Structure formats: structure tokens, C-alpha cells
Amino acid sequence: MGRLDRSLHSIGFAAMAVVASLLVPNLAMAGTLDQEQPTVAPMALNAHSTQSVAQTFTAGLSGKLDQVDLNLNMSGSPPVPVIVDLRDASGGLPGSAILASQNVLSSDVVAFPGSGWVSFVFPTPAPVTAGTQYAIVAHSAAVFPETYAWSQGVGTDPYSRGAAYLASPPTAPWMPVPIGPPDFAFKTYVVPQPTQTPTGAAPPTGKRGAALKKCKKKHSKKARRKCRKKAKRLPV
């Protein structure tokens, strides 16, 4: 069976998933919700020992990305966890640099044919920059048919600032998802970068501007000159 055949076989195994609005115990928001594709379709792609799946996205906030939520289900009871990496993106594709990583055991994932949101809280949040593209990569050492599946979205392009990819085997080049909506269901959370202000800087008072405005009403040049001289001694 060829590389693409294995991918399509994995897709078919979860394609008829009936989605349930379930929350799992691991769900716990931390940072500010930044990017999301919240729609969930009855289609999913599997992550196991011979296939990894990924979603690129464009950060809207600069700061520390400390959590991602994925809509997942599992088939069987995988004895190993599903691992989620936050990676860089290169040329629009998932990159190889791992910026943050976390794993979740099968006990926190809803069983097929249901699905639910699962939170991956990174022990060390990753710095992200607004307008820069990154990738969420899901992979596992689970052996098919015991597998984890990441739900796809609804519509022709539910998230326009990124796309869904798969690699089968995981060491193969990333390729766009060939079947169904081209985006997975995901959410990202960022602790925004604090706004920095100059040390010791005081907010403007408006006194100087108001005084200079009054100087314009003086009738003589001498009076206006004297008035402006006094006004410039006032705080901004």
C-alpha cells in the first residue's frame, strides 16, 4: 500500500465520526484566546505511528503562547499518549523547530464515535509574534488501528490564515489534506506581551498647548512674544 493509500485508509477510519459536544477534564484556559477554528465536522484524520497531522496558523497577538486546544477522539485505547508540538513554519509548511510540546494520555480523550476539546498546556510557553505563522503538530507512537484522530472543520476554508497537512510516514514531506475541509478544529491562547512605557515618563498635561493657544489672541507682537515665553515654561 502506497504512502497516500495509507493516509486515505486512516482518513476513512474516522471519516464518519459523530461529533459530541463533550469537554474532557484536561480543559483549562490560561492565556487570552487568540486564533481559532471552532467548527467541528464529522470527519477526522488520524495521528499514529505511521502518520502525523498538522495545522498552520498566523498569530494575532505577540506574547507567550501557553496553550492549544484540539478537538480529538480516539479509536481503541492507545497505551501511549498523543503529543502536540508548537513548531515554526517554513514556506507555509510545518517546520522542524519545536518551540513547545505537551502530551495527553488516552484517558483524557473521548472515544470514537464522539469527540471533544482537549487542552495541551505547555510547561514552558513559547514566544510568538503577531503576523508570524506557526504550526501545531499532532503525533503519536500508537499503532493503528489504535489511534488518535483530529477533527476537521466545516466549509471549504474555515480558517483562511493557515491550512491542514499530513505526513505519512511522519518523516515524509508534509502534504495538504487531500479529503474534506482543509483545516482542523483548534484554538490557541497567548499571554499578551505587556505594553512598555518609558521609565519616569509623565502623561501630557495639556497646559502648554492651552497657553500657547491663548497667546494667539494677544493684539500686539510684543504681547504675543511675552505670552509664548511664559507658556513654554509650562509642562507639556
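The following exchange goes through a predicted model and the reasons behind some of its labels.

Student: What makes the pair Cys215 and Cys227 a disulfide?

Tutor: The S to S distance of Cys215 and Cys227 is 2.0 Å. A disulfide requires cysteine sulfur atoms within 2.5 Å, so the pair qualifies. The structure holds one disulfide.

Student: Where in the chain do the two cysteines of the pair lie?

Tutor: Cys215 belongs to helix H2 (residues 207-215) and Cys227 to helix H3 (residues 221-231), and 12 residues separate them. The angle about the S-S bond is -80 degrees, and the link is left-handed.

Student: Are Cys215 and Cys227 buried or exposed?

Tutor: Cys215 is buried, and Cys227 is buried too. Across the chain of 236 residues, buried residues account for 42%.

Student: Why is Gln51 called buried?

Tutor: The relative accessibility of Gln51 is 0%. Buried means under 20%, so Gln51 meets the cut-off.

Student: Where is Gln51 found, and what does its side chain reach?

Tutor: Gln51 sits in the loop between strand S3 (44-47) and strand S4 (52-58). Its side chain reaches the backbone oxygen of Asn46 at 2.9 Å. A polar contact needs N or O atoms within 3.5 Å, and 2.9 Å satisfies that distance.

Student: How many helices and strands are there in the chain?

Tutor: The chain has three helices and 13 strands. Of its contacts between residues at least 6 apart in sequence, 83% join residues at least 24 apart.

Student: What is the accessible surface of the chain?

Tutor: About 12000 Å², with 60% belonging to carbon and sulfur atoms.

Key: Residues numbered from 1 in each chain as written. Predicted model: local features only at pLDDT ≥ 70, side-chain atom pairs only at ≥ 80, totals over all residues. Heavy atoms only, no water. Helix = DSSP H or I, 4+ residues; strand = E, 2+ residues; numbered from the N terminus. Buried < 20%, exposed > 50% of the residue type's maximum accessible area, 1.4 Å probe, protein only. Contact = heavy atoms within 4.5 Å. Areas by Shrake-Rupley, 256 points an atom, 1.4 Å probe, with all protein chains shown as cover. Polar contact = N/O pair within 3.5 Å; in protein donor to acceptor, adjacent residues only side chain to side chain.
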